[in-house]
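Visitor: Please take one part of this model and look at it closely. I would like to hear about the largest cavity, with enough of the surroundings to place it.

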Amino acid sequence: MSKNKSALKISLLYFLFSFFWIYFSDLALNLFFKDLNNAQFLQTIKGLIFISLSSILLYFLIKNFFKTLQNEKSQLLKTNEILEKIIENAPVIIFWKDKKGVYLGCNTAFLELMNLNTKNDLLGKKDSDFHISEKENFMNDDMIVITTRNAKLNYIETVTAKDKSLRFLNTSKVPLVDDKQNIIGVLGVSLDITDQINKQNQIKSQEELIIQQSKLASMGEMIGNIAHQWRQPLSIISTLSTGMKLQKELNISNEEYEKESLDNINENAQYLSKTIDDFKNFFKKDTIKISSNTKTVFEKTLKLINSRLKNRDIEIIQHNSEIEFETYESDLIQIFINIINNSIDAFDNIKTNKYIFINTKLEKDKIIIEIKDNAGGIPQNIIDKIFEPYFTTKGEKQGTGIGLYMSKEIVSKHLNGTITASTVNFEYLNNHYTGALFQIILPIKKTIME
Ligand SMILES: Nc1ncnc2c1ncn2[C@@H]1O[C@H](COP(=O)(O)OP(=O)(O)OP(=O)(O)O)[C@@H](O)[C@H]1O
Ligand SMILES: [Mg+2]
């Protein structure tokens with residue numbers, strides 16, 4: 001009960017009692033004592049009775065008032081105790097400071113974070129009194145919350161512990177206000193997410209390692225490819241330089257021819273250097289997303305495996321929309337190479353025309369990429385297993401069984417997309433074929449430029 005209410009209650013009861021006493025006692029005197037000779041004496045008696053009764057009344061009223069006060073106080077203490085327990089046992093770090101950044105309170109989790117033994121080591125001090133590398137950031141955040149009166153919620157910050165290890169915190173700070181809505185300080189709550197972040201980083205580096213391993217696995221094939229792509233320009237360079245040398249020896253050199261040959265040699269040398277760059281880029285670790293487009297990604301992919309396709313008379317039929325999007329380009333190239341290499345392997349015993357169809361299109365905010373061959377398809381009894389690690393039907397020497405597993409890992413975990421496989425029947429140039437169809441769906445937000 002509020003102070004005013006209690007005071008009003010006591011006064012009102014006192015007033016009512018006094019009023020009725022005076023009124024009824026005077027009435028009784030007039031009624032029962034006609035002889036008013038004794039009036040003076042009776043009035044004195046009446047006054048004494050009034051004082052006695054009102055004292056008893058006041059005694060009970062005040063006693064009752066103090067009892068209520070006591071109850072309220074112990075209720076308040078209990079609430080405080082519960083609050084303290086909540087603050088202490090909540091699985092979060094809690095601290096509060098005044099307007100000047102002076103610590104007013106905290107829980108044990110905060111003391112542990114700050115490497116302090118008791119609250120006395122903290123209370124009355126500011127962040128600037130401690131050797132924490134991030135103290136300026138903490139003080140800035142407090143200032144922002146206090147001056148703008150707006151909470152700063154769920155942001156990630158770091159604290160360097162005494163042993164130099166880094167702790168990651170998900171922190172929220174809210175302004176502390178009094179009854180009149182004046183800012184009196186700032187309340188901070190942090191969740192230690194260091195283990196979570198470390199685990200995520202660990203998984204990420206494991207994934208990157210697997211991607212790297214899988215790239216290295218295709219290195220053998222790539223080197224064969226480089227050798228093949230270099231054969232022609234090297235033979236041109238060799239022919240031209242031998243021709244020039246011969247002309248010189250025979251003294252029939254012709255300046256026009258020499259200049260043309262040197263230009264030609266230079267052009268081919270540039271081509272050699274370019275192929276090396278292409279391969280080098282492919283083996284580089286893909287850590288940042290770059291702006292690319294579907295057509296370019298397939299051009300780069302086909303450049304890397306062109307010789308395998310040509311050797312086996314495999315024709316590539318492309319219907320690609322030029323879709324601009326941000327991606328880990330060499331990861332995507334790796335996936336396409338895995339899928340196309342599988343199709344090339346599947347063509348091993350096929351005598352008819354060999355086709356690989358590549359289709360890309362944009363549907364809403366998703367890129368749909370389809371790679372299809374006419375190599376007979378994937379048998380129904382294994383189709384559910386092909387994305388499992390180490391599943392191969394090619395024998396240990398020819399396949400490790402990680403190509404599609406890796407592709408699925410990269411698509412789902414690195415590119416946030418999906419990859420599915422099916423066997424399809426279709427018609428092309430009036431012929432019926434059966435083949436494998438791989439569909440990759442990637443999310444994007446960019447626009448289409450046909
Ligand atoms: N286009 C396809 N046509 C028919 N079968 C396929 C096709 N693509 C994949 N497969 C089947 O899926 C299996 C798994 O493919 P995956 O790429 O994961 O491993 P792999 O090619 O056997 O070995 P690796 O790619 O590690 O060298 C293959 O062994 C093959 O049986
Ligand atoms: Mg494979």
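**The largest cavity and its setting**

Guide: Start with the span of residues 12–33, which is 95% helix and 0% strand, with its end C-alpha atoms 31 Å apart. In this predicted model, residues 45–62 are 100% helix and 0% strand, and here the end C-alpha atoms lie 25 Å apart. An unreviewed UniProt entry gives both spans, 12–33 and 45–62, the feature "transmembrane region".

Now to the cavity itself. The count of cavities of 30 Å³ or more comes to three, and the largest has a volume of about 110 Å³. Its lining is made up of 15 residues, and the closest to the centre are F95, Y103, F110, F138 and E157. Four elements each give two or more residues to this lining: strands β1 (93–98), β3 (152–160) and β4 (166–177), and helix α3 (108–113). Of these, β1 gives the most, with three residues. By class, ten of the lining residues are nonpolar, four are charged and one is polar.

As to confidence, the mean pLDDT of the protein chain is 87, and 92% of its residues reach 70 or more. Strand β11 (residues 418–428) has the highest mean among the elements, 97, whereas helix α10 (residues 395–398) has the lowest, 69. Residues 446–450 fall below a pLDDT of 50, yet this stretch has 13 contacts in the model beyond near neighbours in sequence. Where pLDDT is low, the predicted coordinates should not be read in detail.

Methods. Residues numbered from 1 in each chain as written. Chains lettered and ligands numbered in written order. Predicted model: local features only at pLDDT ≥ 70, side-chain atom pairs only at ≥ 80, totals over all residues. Heavy atoms only, no water. UniProt positions renumbered as here; feature names shortened; annotations may be inferred. 1 Å grid on protein atoms, 1.4 Å probe; cavity = no way out; pocket = protein on both sides within 12 Å on 5 of 7 lines; lining within 4 Å. Points joined across faces, edges and corners; volume = space filled by probe spheres on them. Nonpolar A, V, L, I, M, F, W, Y, C, P; charged D, E, K, R; others polar. pLDDT = per-residue confidence, 0-100. Contact = heavy atoms within 4.5 Å.
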